[in-house]
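This report describes the ligand site and the enclosed space of one protein. Please consult the sequence and the structure below while reading.

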Amino acid sequence: MFFSKIKESFSTRINSIFGSNKETDQIIDEIEETLVCADIGIETSMEICDNLRKKLKSEKDKSEETIKRLLREEMINILNIQETDTAKDNSDKRCILVVGVNGVGKTTSIAKLANMYKNKGKRVLLVAGDTFRAGAIEQLQIWADRLGINCITGKEGADPSSVMFEGSKLFKDSDYDILICDTAGRLHNKKNLMDELDKMKRTIEKNINKDMIEVYMVLDSTTGQNGILQVKSFYERTSIDGLILTKLDSTSKGGVVFSILKELNIPIKYIGTGEKAEDIAEFNAKEFVESII
Ligand SMILES: Nc1nc2c(ncn2[C@@H]2O[C@H](COP(=O)(O)OP(=O)(O)O)[C@@H](O)[C@H]2O)c(=O)[nH]1
Ligand SMILES: [Mg+2]
């Protein structure tokens, strides 16, 4: 089970609300509290429960089962607000630039994506664009070797844009389907990370049409609301096409998924559910909610 920790804490709390002879109003109030505690965010929790109250008014049966069913429906509704632009997802040749702060799981997610696309029969090329962090290039290279995927690397400390140029040029000139680029989460020198990302993007655009390039931001779900601030600070400068939410296997607070979609309105493309290459899945709101309550 992907979300066993979230399920454990969330469904245990929801289940404990029922049982004794409580009024429906009190039950809903307690559900609202539980949602807030699970990091769903106050506004979103209120919205879910207001809708739940309204729906329950016209419902004769106010049993635990009905309340839970309606709660699931409302939670799924809230998560489905995202509009997914699948045009790029389906294009033949595409480039994904992966950004995010250090330690969130960028390199691991790139390996997972590469493996997933390879298994779908796509030809994948990787670019080790995190030239700043010690060992980052090697980390991606090890994954690439393990998965049998070609990886373009430069020297540690080199200008990441030069590796991006080399990778995107090879991509353009060969019959690769997908180019996935790793980037640094932090810079050692005083250079601004956003300036550096802009530069990388412009460099890639010299070889690859703008419309084929997507920026995916990786977020660590265990950082909760802090992750949202991270996205906002990136978003000021670079538009983000999708999110990869990692470590959902090791958090008990799945609520961040709701806050992300409500506050940022950026689609969650993939979720990370472990440390192995195959621990990645497309995000599905219905499956997510049904697996946690
Ligand atoms: N449990 C778990 N660990 C993950 C997941 N994704 C990444 N990690 C771990 O998080 C740590 C940092 O990952 P890394 O890819 O190096 O992060 P980066 O600095 O953003 O490139 C590593 O120990 C990974 O194995 C995930 O979905 N679940
Ligand atoms: Mg990395």
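Which residues line the largest cavity? In this predicted model, the lining consists of Ile-6, Phe-10, Ala-38, Ile-40, Ser-252, Gly-254, Gly-255, Phe-258 and Ile-292. By class, six of these residues are nonpolar and three are polar, with no charged residue present. The space inside the largest cavity amounts to about 40 Å³, and the structure holds one cavity of 30 Å³ or more.

**The ligand and its pocket**

Ligand 1 occupies the second largest pocket, for which a volume of about 330 Å³ is computed. Around this pocket stand 22 lining residues, and those nearest its centre are Gly-103, Val-104, Gly-105, Thr-108 and Lys-247. Helix α5 makes the greatest contribution to the pocket lining, namely five residues. At least two residues each come from α5, from α6 (136-147) and from β4 (178-183).

The shell around ligand 1 itself comprises 18 residues, of which Gly-103, Lys-106, Thr-108, Arg-133 and Glu-275 come nearest. Here too, helix α5 (residues 106-119) has the largest share, with four residues.

**Polar contacts of the ligand**

Three backbone contacts to ligand 1 may be set out in turn. The partner of a ligand oxygen atom is a backbone N or O atom of Gly-103 in one case, a polar backbone atom of Lys-247 in another, and a polar backbone atom of Gly-274 in a further one.

| Residue | Atom of the residue | Atom of ligand 1 | Distance |
|---|---|---|---|
| Gly-103 | backbone N or O | oxygen | 2.7 Å |
| Lys-247 | polar backbone atom | oxygen | 3.0 Å |
| Gly-274 | polar backbone atom | oxygen | 3.2 Å |

On its own, ligand 1 has 580 Å² of accessible area, and the protein covers 83% of that area.

**Residue classes at the ligand site**

How do the residues of the shell around ligand 1 divide by class, and what is the division for the pocket lining? The shell contains two nonpolar, ten polar and six charged residues. For the lining of the second largest pocket, the division is two nonpolar, twelve polar and eight charged.

Gly-103 links several of these descriptions: Gly-103 is among the residues that come nearest to ligand 1, among those nearest the pocket centre, and in polar contact with a ligand oxygen atom at 2.7 Å. Thr-108 likewise appears among the nearest residues of the ligand shell and among those nearest the centre of the second largest pocket.

Methods:
Residues are numbered from 1 along each chain as its sequence is written. Chains are lettered from A and ligands numbered from 1 in the order in which they are written. This is a predicted model: local features need pLDDT of at least 70, side-chain atom pairs count only at pLDDT 80 or more; totals for chains, interfaces and linings use all residues. Side-chain values use heavy atoms; hydrogens and water are left out. A residue is near a molecule or strand if one of its heavy atoms lies within 4 Å of it. A polar contact is a pair of N or O atoms within 3.5 Å; within protein, one must be able to donate a hydrogen and the other to accept it, and residues adjacent in sequence count only if both atoms are side-chain atoms. Accessible areas come from the Shrake-Rupley method with a 1.4 Å probe; for residues, only the protein chains shown count as cover. On a 1 Å grid over the protein atoms alone, a cavity is a set of points where a 1.4 Å probe fits but cannot get out, and a pocket is an open set with protein on both sides within 12 Å along at least five of seven lines; lining residues have an atom within 4 Å of a point. A molecule sits in a cavity or pocket if more than half of its atoms lie within 2 Å of its grid points. Ala, Val, Leu, Ile, Met, Phe, Trp, Tyr, Cys and Pro count as nonpolar, Asp, Glu, Lys and Arg as charged, and the others, Gly among them, as polar. Grid points are joined across faces, edges and corners, and a volume is the space filled by probe spheres set on the points.
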